[in-house]
Structures are given as structure tokens and as C-alpha cells.
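Q: I am new to this model and would like a close look at a single part, its nonpolar core. Please walk me through it slowly, starting with the setting and then moving inward.

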Amino acid sequence: GGFDDRAQKTYKSLPEAMTTEYYTQVTSLIEAIESSENSGAYGEILEDLRNKKTEIEAIQQEIEEINALVLEKLYPLEQVSLKDKKVLNEIITRINKLSSYDREQVLRYEDITRASVRLQGLERALIIAAVLVVISGVTVFVVILRIRKRRKEKLRQSMLYDTEESSLEED
């Protein structure tokens with residue numbers, strides 16, 4: 001027992017960046033050192049492991065906060081609308097900071113991603129619709145201006161024609 005060769009190998013194999021995946025390994029290594037007779041010899045390792053445990057607990061806390069936020073603000077995910085865009089983007093930004101392993105610990109991670117993609121599509125559709133409305137508005141405006149211009153031109157021509165006719169009649 002205690003902090004034997006196998007435990008030391010496990011410690012050395014731990015990655016620099018922690019994920020919740022390593023919680024059990026880190027806590028059992030801490031227990032191994034604390035229960036070993038010469039635990040004082042592993043002061044630096046113990047401190048490192050405790051830091052890793054704190055880091056993992058912070059990640060776990062972040063995952064729990066994201067999950068709570070999703071349940072509170074975005075549930076049901078199928079009904080997420082553009083009014084939820086700000087919250088959804090904040091949640092996605094927070095999720096993207098997590099490791100791929102920890103992202104999987106987020107409740108309905110794939111659905112959150114899908115909801116985001118769906119919102120982007122809705123937004124694109126709204127932008128396209130707005131652009132089309134503007135284009136058709138401009139087109140109608142131009143057409144109306146042309147019709148008016150043509151009418152004025154016809155009116156002017158008929159007036160010219162009328163005055164030419166009346167001046168011919170006077171002669």
C-alpha cells in the first residue's frame with residue numbers, strides 16, 4: 001500500500017491540464033500519500049495533487065453551473081428562440097473552454113450545439129428576409145418614380161401637343 005512505484009507511475013502519467021476524468025486517480029493518490037508512512041517525503045507531490053484536485057473541483061463546479069443555467073434559461077432546448085441567443089452564446093463560450101471530456105459532462109451538450117446551429121439558421125433566414133424586404137421596397141419605389149416620371153412626360157407632351165394644336169387653329 002501507500003505511495004508505491006505504481007502510484008508514482010500513475011502520478012507521473014497525469015497530464016498537465018486536468019479534466020474531471022482524473023478526479024478518482026488524483027484523490028486516490030492523495031489518500032495513498034497521506035496513508036503512507038513516509039508521507040513527509042512527498043510534500044511537493046502532495047501539494048501538486050491537491051492543486052490538481054482543486055482545479056478538477058473548479059471544472060466540476062463550472063459544469064454544474066452550466067447545467068443549472070441550461071435547465072433554468074434554455075429548457076426545453078427544442079423551443080430555444082432568438083430571444084435566448086445571448087444566454088445560449090454565453091453558455092457555448094463557457095462550454096468551449098472545457099476539455100472535450102468535460103464537455104461530455106454537460107447535460108444535453110449535443111442538443112445545446114444543435115440549438116445554437118438552429119438559431120444561427122433562424123438568424124440568417126431573418127437577415128435574408130430583411131434584405132429581400134429592403135430590395136423589394138427599393139424596387140417598388142423605383143417603379144413608382146418611373147411611372148410618375150412617365151405620366152408627367154405624357155402630360156407634358158399632351159400639353160405641348162394641345163398648345164401646338166391651338167396655335168395652329170389660331171392661324
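**A walk to the core**

A: Starting at the N terminus, the elements of the chain follow one another as α-α-α-α-α-α. That makes six helices and zero strands. Please keep in mind that this is a predicted model.

Let's take the overall form before going inside. Along its principal axes, the C-alpha trace spans about 135 × 30 × 20 Å. The radius of gyration tells a matching story: the chain has 36 Å, whereas a compact globule of 171 residues would have a value near 16 Å. Of those 171 residues, 26% are buried. On the outside, the accessible surface amounts to about 12400 Å², and carbon and sulfur atoms account for 55% of that area.

Now for the inside. In soluble globular proteins, nonpolar side chains tend to be buried together. Here, the largest nonpolar core holds 18 residues, and the ones touching the most other members are L88, I91, V106 and I112. Three elements give two or more residues to this core: α3 (43-73), α4 (85-96) and α6 (109-170). The biggest share comes from α3, with five residues.

A good place to stop is V106, one of the four residues just named. If we set aside its neighbours within four places in sequence, V106 is in contact with I63, I66, N67, I95, L98 and I112. Two of these partners, I63 and I66, fall within the span of α3 (43-73), I95 falls within that of α4 (85-96), and I112 within that of α6 (109-170). There is also a second core, apart from this one, with 16 residues, including A7, I45, L46 and I56.

One more residue helps to join up the picture. T20 sits in the loop between α1 (5-13) and α2 (23-35). Is T20 buried or exposed? T20 counts as buried, because its relative accessibility is 11% and the cut-off for buried is under 20%. Its contacts, leaving out neighbours within four places in sequence, are I56, I59, Q60, I63, Y101, D102 and Q105. Two of those names have come up already: I56 is among the residues of the second core, and I63 is one of the contacts of V106.

Contacts across long stretches of sequence are seen in the chain as a whole too. Among contacts between residues at least 6 apart in sequence, 66% join residues at least 24 apart.

Conventions. Residues numbered from 1 in each chain as written. Predicted model: local features only at pLDDT ≥ 70, side-chain atom pairs only at ≥ 80, totals over all residues. Heavy atoms only, no water. Helix = DSSP H or I, 4+ residues; strand = E, 2+ residues; numbered from the N terminus. Rg over C-alpha atoms; globule rule 2.2 N^0.38 Å. Buried < 20%, exposed > 50% of the residue type's maximum accessible area, 1.4 Å probe, protein only. Contact = heavy atoms within 4.5 Å. Areas by Shrake-Rupley, 256 points an atom, 1.4 Å probe, with all protein chains shown as cover. Core = buried A, V, L, I, M, F, W, Y, C linked by side-chain atoms within 4.5 Å.
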